[in-house]
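Reader: Please take me closely through one part of this model, residue by residue, and then show me how that part sits within the whole chain. I would like the cut-offs behind each term spelled out as you go.

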Amino acid sequence: MRITIQDIQAMKKRGERIPMLTAYDYTTAQMIDAAEIPMILVGDTLGMVVLGYDSTVPVTIEDMLHHIKAVVRGAKRSLVVGDLPFLTYTSPEQALHNAGRLLQEAGCQAVKLEGGAAVAPIVQRLTQAGVPVMGHLGFTPQSENVLGKRVQGKTADAARQLIEDALLLEQAGAFAVVLELIPIQLAQAVSERLRVPTIGIGAGAGCDGQVQVIHDMLGLYTDFVPRHAKRYRSLADEIRGAASEYAAEVRAGSFPTESHASKMNEAALQEALAQINNV
Ligand code: KIV
């Protein structure tokens, strides 16, 4: 049975912390699902860690559809949340059209969008239409060109604004809110004031759950580890090592061996060669 938004909200009520990871493909989604991670985010970080862009801005709804479909095929139990990319939810009608595509064509169970008061009417329209919405406050990467600093909410005004935005998103119907790169105390204060779960990234342990970009925790994307991430494995080293070993064996002729392919009946081969020679 797939996890529902009600299950996620019940976890907060029980005081159970909620782990969430990003995934962008079938194979990774299968592994995360098997690890019993209750929520998978097909984030628009796709743009950087999979598609090689500098930011999330170039990511399109078609890119998201393609990757969400793959993740949904791999995740049988985890709730799959798909990001609405930059400028795909500028009006309630546009948001409804694009969120509808993510749910109907790609098969995810919820969408995520960035912003506070300005997007509250959009969150309300989507939830009234039956689309579960996860909010995203603090550092919102789609707006990186206007935000300047990465850590948000450090001044009294900014902190008050962020708490008000979080309450507005909850009132508009958001089932959870991501808090990215905000001070630990502010994230704790927001988490205490919201009934719906907060999911932190670089916002401390006071959030109800945590989300990490899987490439950061597996050491796959760059050698730089962002402050908000913890590297649990160094898979890039493993992959580079395996690729070099493979190349050396191909060059030396030690891969493949006879066990990696099949043989045919010698008489059949001779017959085929004789036929060719007779042509
Ligand atoms: O796109 C993404 O992966 C995200 C997370 C960093 C929260 O929005």
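Author: Val72, once neighbours within four places in sequence are set aside, is in contact with Arg2, Val80, Ala106, Gly107 and Cys108, where contact means heavy atoms within 4.5 Å. This is a predicted model, in which local features need pLDDT of at least 70 and side-chain atom pairs count only at pLDDT 80 or more, while totals for chains, interfaces and linings use all residues. Residues are numbered from 1 along each chain as its sequence is written, and side-chain values use heavy atoms, with hydrogens and water left out.

Val72 lies in helix α4, a name that follows the DSSP runs numbered from the N terminus (H or I over at least four residues for a helix, E over at least two for a strand). Val72 counts as buried because its relative accessible area is 15%, and the cut-offs are under 20% for buried, over 50% for exposed and partly exposed in between, with a 1.4 Å probe and protein chains only. One of its contacts, Cys108, is buried as well, with a relative accessible area of 4%. Another cysteine, Cys207, is likewise buried, at 3% relative accessibility. A search of the whole structure nevertheless finds zero disulfides, a disulfide being a pair of cysteine sulfur atoms within 2.5 Å. For a sense of distance, Val72 and Leu147 are 75 residues apart in sequence, and their C-alpha atoms are 32 Å apart in space.

From Val72 the view can widen to the nonpolar interior. The largest nonpolar core has 57 residues, and those with the most contacts inside it are Leu84, Leu102, Leu113, Leu126 and Leu179; such a core is a set of buried Ala, Val, Leu, Ile, Met, Phe, Trp, Tyr and Cys residues joined through side-chain atoms within 4.5 Å. Helix α4, which runs over residues 61-74, gives the most to this core, with six residues. Apart from the largest core lies another, of 18 residues, among them Val81, Met134, Ile199 and Ile201. Leu113, one of the residues with the most contacts inside the largest core, touches a set that includes Leu84, Tyr89, Val119, Ile122 and Leu126, and also Met134 and His136, when neighbours within four places in sequence are left aside.

Other loop positions can be read in the same way. Thr45 sits in the loop between β2 (39-42) and α3 (46-49), where it counts as buried at 18% relative accessibility. Beyond residues up to four places away in sequence, Thr45 touches Thr22, Tyr24, Val50, Thr56 and Val213. Leu181, in the loop between β6 (176-180) and α9 (184-193), is buried at 9% relative accessibility, and its phi is near 50°, a positive value in a residue other than glycine. Glu36 also has a positive phi, near 60°, and is found in the loop between α2 (26-34) and β2; Glu36, however, is exposed, at 59% relative accessibility.

The whole chain gives the wider setting. There are twelve helices and eight strands in the protein, and buried residues make up 48% of its 279 residues. Among contacts between residues at least 6 apart in sequence, 58% join residues at least 24 apart. The domain assignment gives domain 1 (5-233) and domain 2 (238-277), with bounds that come from an automatic or database domain assignment, and the two centres, taken over C-alpha atoms, are separated by 47 Å. In the C-terminal part, Ala267 belongs to helix α12 (residues 266-278) and is exposed, with a relative accessible area of 53%. The C-alpha atoms of Ala267 and Arg73, 194 residues apart along the chain, are separated by 46 Å. In the loop between α11 (235-252) and α12 lies Pro256, and the peptide bond from Phe255 to Pro256 is cis, with omega near 0°.

As for overall dimensions, the C-alpha trace spans about 85 × 40 × 35 Å along its principal axes. The radius of gyration is 24 Å, whereas a compact globule of 279 residues would have one near 19 Å; the radius is taken over C-alpha atoms, and the globule rule is 2.2 Å times the number of residues to the power 0.38.
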